[in-house]
Amino acid sequence: MRPSQTKSLQSNTLAGWLMSGPALVLITLFLIVPFLLAFWFSFTNQRLISPNPTQFVGTSNFEQLLGMGTLVLEPETAADGSLLVSESGELSYPRVRDFTRNNPDFQHLNGMREWFGWDWGNSRVLVLARDLVFMKALTNTLFFVAVVAPLQSLIALLLALMINQKLRGINIFRTVYFMPVVVSIVVVSLLWRFIYDGRSGLLNNLLQFLSFGHFQPVDWLGNPDTAMWAIIVMSIWQAVGFHMVIWLAGLQNIPLTLYEAADIEGASSWQKFRFVTWPGLRNTAVLILVVITMQAFALFSQIDVMTNGGPLDSTQTLVFQAVQRGYGQQNIAGGSAISVLLFLIVLTISMVQRYLTRER
Amino acid sequence: MAAVTSPNQSLKTSLKYLLLILVALVFVFPIVFMVVSSFKPDLQLLRDTSSFRAFLPVGDISLDNYFAAFRRAPVGLFVFNSIFVTTLTVLGSLFLCSMAAFAFVFLEFRGKEIVLSIIIATLIVPFETIAVPMLMVVNSLPWIGGNGITWGWLNTYHVQIVPFLADSLTIFLFVQFFRDLPKELIEAARLDGASWFQIYSMVIVPIAGPVFATAAILKFLAMYNQYLWPLMVTQSEQFRPVMVGLQYFFQLNTAWGEVMAYLSMITLPVLAFYLFLQRAFITSIASTGIKG
Amino acid sequence: MTSLRILAASLAITTAMSTAAMAQTELSFWYHGAGNPVEREILVGIIDDFNASQADWKVVLQEFPQAAYNDSVVAAAVAGNLPDIIDVDGPVMPNWAWAGYMQPLQLSEGALDGFLPGAIGEYNDKVYSVGLWDAAIAMYARKSTLEKFDIRVPTLEEPWTREEFDEILATLKASGEFEYPLNLGMADQGEWYPYAFGPFLWSFGGDMVDRTTYETAEGALNGDAAIAFGEWWQSLFTNEYVPGTSQDMADHETGFIDGDYALQWNGNWVAVNTLNALGDDVLFLPAPDFGNGPKIGGASWQFGVSATSANPDGASAFIEFALKPEYLAAFSDAIGLVPATAEAAALTKNYAPGGALEVFYGLSEAQAMLRPVTPGYVFEALEFRKALSDIANGADVVDALDAATDAINADIARNNNYAVAN
């Protein structure tokens, strides 16, 4: 008596492809094909427009981006071999550029720049990078994700806990907390530029007011130490409402009977949170972490509107560099190479996240 | 029996409200700044940013900036373009993506798993990284319109709509939601002899209100706030959306008052749409993401 | 019968009209001034006059916001969708010409006689674009300030020297009367940087690229002269003579007029506003001489013909029509920029002999130096901008210049030295 089942199996395939067909065609055409094109470009020297024909260059774009080297600098010595010490007791070292520019003994270091280093006894060990701006973009992006993912999730959870109370008019607050999400990030960036202004910005004014005039104005966007943090704060402000709502839904899904049972047992608020609330939020937590991570890697608009990657490359990010190279410098191949690397990095991290948070 | 509120209780409640209000101020102040500034003349606007007057509608308040903004740029046209493109894209994507998600969740067909994995993987790709290749793709496509077949899609409405009709996030949302629905519903309808499309439209869609609302809001936000793509593909004023129009206001001597007026005007439709759908949206997030 | 005749007559008329209409080929014209009603008015005037003056061509204007204009043109070029007439920023023209977006103009003999060199866009010995105006920069100062601090008023023949200029800045700073002695406009982070600060580099003896071959920046951007420039540049910020890269755009626009800044290095497009605000007290002074002669930038937006245009003769005809002295004068009066010919200057309010801005015309003639005329300029400008920002923010001068040099050299190599492809 199987014919009807076989029949439904067959019509499944046709119906399946028919129903998902249009969406699949569109995604293939407008998402997958461009991505494959970008992937292809990263192995060529494609320019935005050029009279020269495009040539295949293999992995040289990636070598250019990821190239690294090491250098050990010995302190400078006087003629008799003793160490030259400056007045403040510091040793002096030859300039890196003596090794990286037209030095026949160090050809492999040609064109590299100093990235970071440390002292090893009297010598300095340096790590050099061929594309220092890319490395900075990479580290900045990773830093941004590492800070924003837990911070934004936590703040969103706290807000959700606050909103999850039976107070009159609580819905108004919920709406207000979500409002920044609705506003375009470009608009948000423009407004926050006024807030962050170094001399007369609103933030500086507020801090001066709160500290009774002791606070010295800080140039938030112009100081390499504070620029990225300024971007972080603004980005969290804009996006946290969205994740608050997701946490809220998760909270409201936890059966009230569990709380009643905990009350009967005489549990404190903290115990209730730890043993009832938190376990019930596990799935929500995973979703939020994954989404925030992916969104954080795509950091672009704020940088474009507010800092242009500066000051001193402290706000360079991967997507910003990809757009700068591809569109600004007309180097499509270079921009595509960064895009491919970004995809691989995010893919790896997503898979690691999925593995770490899988059901045991 | 009337509940008796002890003074302790009212104090706690008041404190809770205080905290909520303080936090609300944090979330709302830049928007208040934007709207209040739109009523001030430029010089006063800039001077006021260095004090708390920035949030107060004091001084020389008028609608001048709004009138000036309309004179400088066809604001109405831009808003219409954005709403038109956004609405069509949202409607189209709700239909196509929900249908595809339905197929992925309830139908068995070969290759389903692989295709779904690929779609989820593309969630990672930021738009900016494929913008230029997409431009190249879009240039080599034909379009059947009033003039017969024309090649290249640049400078039209459909170039702003069609590439975004299907996206992985929307499909993902629908898939998560549909996975939680009881399979008995489907089986019952199948036994009654309903076709798959009938099941989709008459059984699933009516109960999927919340996730439709969620997907609609997210898609609306993404499309309305687009900048890079419309910049690349619109060449005549008649097709430009609001974010490209924003550039009209950045001249050698930027009229910040007009900028604030324009920003206030373009933020209005999105806020309205959100407020309209927010009941459904908020209650909907419940089922879409939790099960992971 | 009569109705038939009327029908025939009206048919004949409509056919004649449509033939005439068909004979008027449309030329599309893209301009970068969307959102600027003043420029639009003048352009529309020129277009209407041109359309009425002949029956072959009809020019149709499409405006773009300036910030987005270059991107739109590049996207259109990728799509093969360029208009007939395009507006191009002078130093970018070689890049567009090399990439195949533009074709040489077809102007009649002597059409460009008497034009300021900055208004003519030449690449590879062919004229690809011509501008209705040129832009110039000067050192804005208040007569009262100079008198108060006993500062000599420099002239074209005797500009300030480097030592003099440093001393002036120190004096102004020490007085404590100004937020900063000098406003360089660091808030305007676009093409302004290479346009305004390139001349300082050139005056020191450096350059963004070696102009003998345009194939390398080694020695030009990281040679001794450039390093001297870089160190002087950094000193401006460490000594707090100049507000840095985080300067507010609004401060840049109004700071000099408000008295926050004593001096200002700014273009002549804000001269009219400044004159209106400060009247007789404002002076427009020549650039200091840092050793290699005082220099200012030159070349602004120019009109050209796109390579894919089906009607290059019509496009060139329109451009030539627009070069009439009265149109040059109209633009100059409206936006305050230098008209491209002396003939037109005589017709303007500000640049006629005795006019308030006449000095800019002389500055442009005497001191203007073009930015490097090479397709590689687009990349060089970006790297130079970055180097200037980084050095202003405290980066090591030599390293920053080295990095820019290396990047520029790599870009040139990647593009076959930008060799002409035809």
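Select A:Phe116 in this predicted model. The bridge partner of A:Phe116 is A:Val127, a residue of strand 3 of chain A. Next, show strand 2 (113-120) of chain A together with strand 3 (residues 123-129) of chain A. Strand 2 and strand 3 of chain A run antiparallel and are joined by seven bridges.

Widen the selection to the whole sheet. It is an open sheet of three strands in chain A, paired antiparallel, in the order 1-3-2. Strand 1 (68-73) and strand 2 of chain A are at the edges; each has a single partner strand, so one side of each has no neighbour in the sheet. Look along the sheet for the twist, which averages 20 degrees from one strand to the next.

Now move to the contact between chain B and chain C. Select the residues that take part: 24 from chain B and 20 from chain C. On the chain B side, colour helix 6 (127-139) and helix 12 (228-233), the elements that give two or more residues to the side touching chain C. Colouring that side of chain B by class shows 14 nonpolar, eight polar and two charged residues.

Hide the other chains and keep chain C. Chain C contains 16 helices and 15 strands. Its C-alpha trace spans about 100 × 50 × 35 Å along the principal axes. The radius of gyration of chain C is 24 Å, which agrees with the value near 22 Å that a compact globule of 422 residues would have. Of the 422 residues in chain C, 54% are buried. Among contacts in chain C with a separation of 6 or more, 75% are between residues 24 or more positions apart.

Colour chain C by domain. The domain assignment gives domain 1 as 26-135 + 299-369 and domain 2 as 137-295 + 376-418. Taken over C-alpha atoms, the centres of domain 1 and domain 2 of chain C are separated by 27 Å.

Finish where these domains touch. Here 21 residues of domain 1 of chain C are in contact with 19 residues of domain 2 of chain C. Select helix 4 (93-99) and helix 14 (358-367) of chain C: each supplies at least two residues of the side of domain 1 that touches domain 2. Which helix gives the most to that side of domain 1 of chain C? Helix 14 of chain C does, with six residues. A last colouring by class divides the residues on this side of domain 1 of chain C into 15 nonpolar, five polar and one charged.

How values were computed. Residues numbered from 1 in each chain as written. Chains lettered and ligands numbered in written order. Predicted model: local features only at pLDDT ≥ 70, side-chain atom pairs only at ≥ 80, totals over all residues. Domains from an automatic or database assignment. Contact = placed C-beta atoms within 7 Å. Helix = DSSP H or I, 4+ residues; strand = E, 2+ residues; numbered from the N terminus. Nonpolar A, V, L, I, M, F, W, Y, C, P; charged D, E, K, R; others polar. Rg over C-alpha atoms; globule rule 2.2 N^0.38 Å. Buried ≥ 20, exposed ≤ 12 C-beta atoms within 10 Å, placed from the backbone. Pairing = 2+ DSSP bridges. Axes fitted to C-alpha atoms, helices over the stretch in contact; angles between N-to-C directions.
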